2 protein chains.
Amino acid sequence: MRKVIVQKFGGTSVADTEKIKNVAKTVIREKENGNDVVVVVSAMGHTTDYLVKMAKDLSPNPSEREMDMLLSTGEGVSIALLAMAIQAQGYDAISYNAMQVGIITENIHSKARIIDIKTDKLKQNLKEGKIIVVAGFQGVTEDGEITTLGRGGSDTSAVALAAALNAERCDIYTDVEGVYTTDPRVVKNASRLDEISYEEMLELAHAGANVLHPRSVEIAKQCNLPLRVRSRFKLDNLGTLMLGVDKMEINKPVAGVAADLSQARIVVCDVPDKPGVAAKLFSKLAKEKISVDMIIQSYARKVSNTNDIAFTVDASDLNKTVQALELLKAEIGAQGDIQVDENIAKVSIVGAGMIDRPGVASSMFETLADNNINIRMISTSEIKISCLVDKNQAETAVKALHEAFELAGDEIADVKGDLPNV
Amino acid sequence: MRKVIVQKFGGTSVADTEKIKNVAKTVIREKENGNDVVVVVSAMGHTTDYLVKMAKDLSPNPSEREMDMLLSTGEGVSIALLAMAIQAQGYDAISYNAMQVGIITENIHSKARIIDIKTDKLKQNLKEGKIIVVAGFQGVTEDGEITTLGRGGSDTSAVALAAALNAERCDIYTDVEGVYTTDPRVVKNASRLDEISYEEMLELAHAGANVLHPRSVEIAKQCNLPLRVRSRFKLDNLGTLMLGVDKMEINKPVAGVAADLSQARIVVCDVPDKPGVAAKLFSKLAKEKISVDMIIQSYARKVSNTNDIAFTVDASDLNKTVQALELLKAEIGAQGDIQVDENIAKVSIVGAGMIDRPGVASSMFETLADNNINIRMISTSEIKISCLVDKNQAETAVKALHEAFELAGDEIADVKGDLPNV
């Protein structure tokens, strides 16, 4: 029984016909390894920007349905061209858009979720020896409406296809060599991880690391599908493999360090200490589609019987959040100010290895203290500890933690383009 | 019951976002007339050239299936943008590609014929007051393979949709004002025809007139669908209406004059005068996919019992034809040369009015004789007479015939772009 490998190439990998020829070579290399190959591609380079610009010329607020119709043409071009490039090398190839495959999604435009993928035709084509090229980022509803999957959509397409086809592995080809212990632009001797667990990858994504979109990692985790991030330039380098924590040999408590500089902190002061207040506050923010990250509620003050509720949001949601809170203040009986601080950064350490190793948290706090970094808020999960610090101290914090948890590698990372780093 | 009008706009009409806004206005104008509107559009301006260039970069001979996948993205862009432009003017619009509509074709790539169009969804949308924008030039097979319709494909899409929807009329918007009595670039006072029959239009197309593709006229004729060629610039000008000859009031024997300069004449000399020779010759050419136009067989010579077979082919097929004939000469027992003449033009007069008016042919021959134009071959149909003349006399012939049959108008035609003239 031949194994199925799903490969994914993003927009920069197929930005022009020369690059498409290179992708064809990488695809054929995998086919020559004796595997069945399904390739998922995004739209060429700046196609999407170009299409969006034309749409904005025509309408200040184009309908999401028509935007999906428009944007889905981008992958239509790249799949046909890649199939031709593979054929030109003497291999049998066939391209399909999402409608032809049957990548069925919810009936929601611009950010639909995949609910089913039809595989009969694909399996038949693989049996016939064909290399299959599938359009990423797009889907179709049961009613034949074209949808798109939103940010990280092509990664999601690739992982979902790999899961549906019971693939051996899904390889995400990128401009970098894999996932790093931290941002190599900040820490020169950041090292590439050979392996990382889905859970660590998810925590790192939510901790602000510039990685794969969490949705694709979540799907891989659900299906226990090995997922590899690797370089499209250095094919002998196997990059970083994501897999179940049960399959990993864990040597170190911490896998990586990440900093998120895009958050803002809000404190609602002197809120009555009675049941239902926090619920009211955060359900209001949820209604406004504001995502809240860290939340801390202080102990109630004995005298006033009030407490403070502090939390962080994405800085771009700050104004919207403050407006919503001002309207809510009277209703929840908050007597104090609403304090805002944008001068913060969230620094996180992530590692499945910290689960049964006590003392990781205290090591983190000590390391920050040794570097005169004040901790403003703390939150923890099973495999992550995050500390809010002053923004101008974030870099120092990342470097110190990277060293303290012995994450440095021997080589200087080769950094180009966007980094799927930790 | 509201009437359905199908409109078609070609690539130059939607070449940029400003032009798409103008198309939206023309569409809305028809909607405001109280009609239901379905619009068929081609790919934007030079999109197709751009896509073909990339394909050629990748493969000297790209597969037709993948070319159809690639080219069909062109209309995917224009339909979405036009729908947005209509929506921006406050009207409800929805775009569909051929797969979504169900424009079912034969399973042949690059020149498929439409065999069925699903209309349930479209009728429902029209009932809801929506303006529907449909991708021209493309179709889909029963198996979900994307096809294209070949030359004149978007015209064919529009006419076939109009027929399927029982439309009141199909309007083909172009850069010119309608169909002319002859090429206005040759004859300055050529006049625009208010009406022309399907049959005349078909004969003119085959006579080398630069008109609508015959396939779209044939479908309109079969369904007795009124088909209008009109200006996208002058909306008050109704252009030329094609309709059944039974519905026309015919005043003149001749509707138009056309010249075809792209033919070549071939004479196969001294062919045995016995049954089956011509059949062998022309079935050989048919097998080579060479279209033959005029055919003349001379009376047999008494002495040798041979005759000459003369015919015309498109000049681009000349070499292929001569090669095929050289191989065939021995088999059919031809003893003479194969003579070739590219210095010819076919001049035709066309008119449903010549059917019951004797003397039209002799008037044509007299007019040519009066102008010292030698006739090299003649062929006739019910409503057309074609004469082969020397190429350098074609213009004189067209002008003389246009005058002799009183086709001149009062105005000088406003000539821009390609001409759907007679």
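**Exercise 1. How many helices and strands does chain A have, and how compact is it?**

Solution. Chain A holds 12 helices and 20 strands. Both are DSSP runs, numbered from the N terminus: helices are H or I with at least four residues, strands are E with at least two. The model is predicted; local features need pLDDT of at least 70, side-chain atom pairs count only at pLDDT 80 or more, and totals for chains, interfaces and linings use all residues. Residues are numbered from 1 along each chain as its sequence is written, and chains are lettered from A and ligands numbered from 1 in the order in which they are written.

Next, take the radius of gyration, computed over C-alpha atoms. For chain A it is 24 Å, close to the 22 Å that the globule rule gives for 422 residues, so chain A is as compact as a globular protein of that length. The rule is 2.2 Å times the number of residues to the power 0.38. Along its principal axes, the C-alpha trace of chain A spans about 80 × 50 × 35 Å.

**Exercise 2. Which rotation and shift superpose chain B on chain A?**

Solution. Rotate by 180 degrees, with 0.0 Å of shift along the axis; the RMSD is 0.1 Å. The fit is by least squares on C-alpha atoms of residues with pLDDT of at least 70 in both copies. This is the relation of a two-fold axis. In chain B, the C-alpha nearest the axis belongs to B:Thr73, at 2.6 Å.

**Exercise 3. How many residues does each chain bring to the contact?**

Solution. Chain B gives 29 residues and chain A gives 29 residues. Residues are in contact if their C-beta atoms, placed from the backbone, lie within 7 Å. On the chain B side, H1 (17-32), H2, H3 and H4 (98-101) each supply at least two residues. H3(B) gives the most, with 14 residues. By class, the chain B side has 17 nonpolar, nine polar and three charged residues. Nonpolar means Ala, Val, Leu, Ile, Met, Phe, Trp, Tyr, Cys and Pro; charged means Asp, Glu, Lys and Arg; the others, Gly among them, are polar. Finally, 100% of the interface residues of chain B are also interface residues in chain A, so the copies meet through the same surface.

**Exercise 4. At what angle do the axes of H2(B) and H3(B) cross?**

Solution. H2 (residues 47-58) and H3 (residues 64-88) of chain B cross at roughly 150 degrees, their axes coming within 10 Å. That makes H2(B) roughly antiparallel to H3(B) (an angle over 145 degrees). Among the residues making the contact are B:Leu51 of H2(B) and B:Leu70 of H3(B).

How values were computed
Axes are lines fitted to C-alpha atoms, for helices over the stretch in contact, and angles run from 0 to 180 degrees between N-to-C directions. Angles under 35 degrees count as roughly parallel, over 145 as roughly antiparallel, 65 to 115 as roughly perpendicular and the rest as oblique. Two residues are in contact if their C-beta atoms, placed from the backbone, lie within 7 Å.
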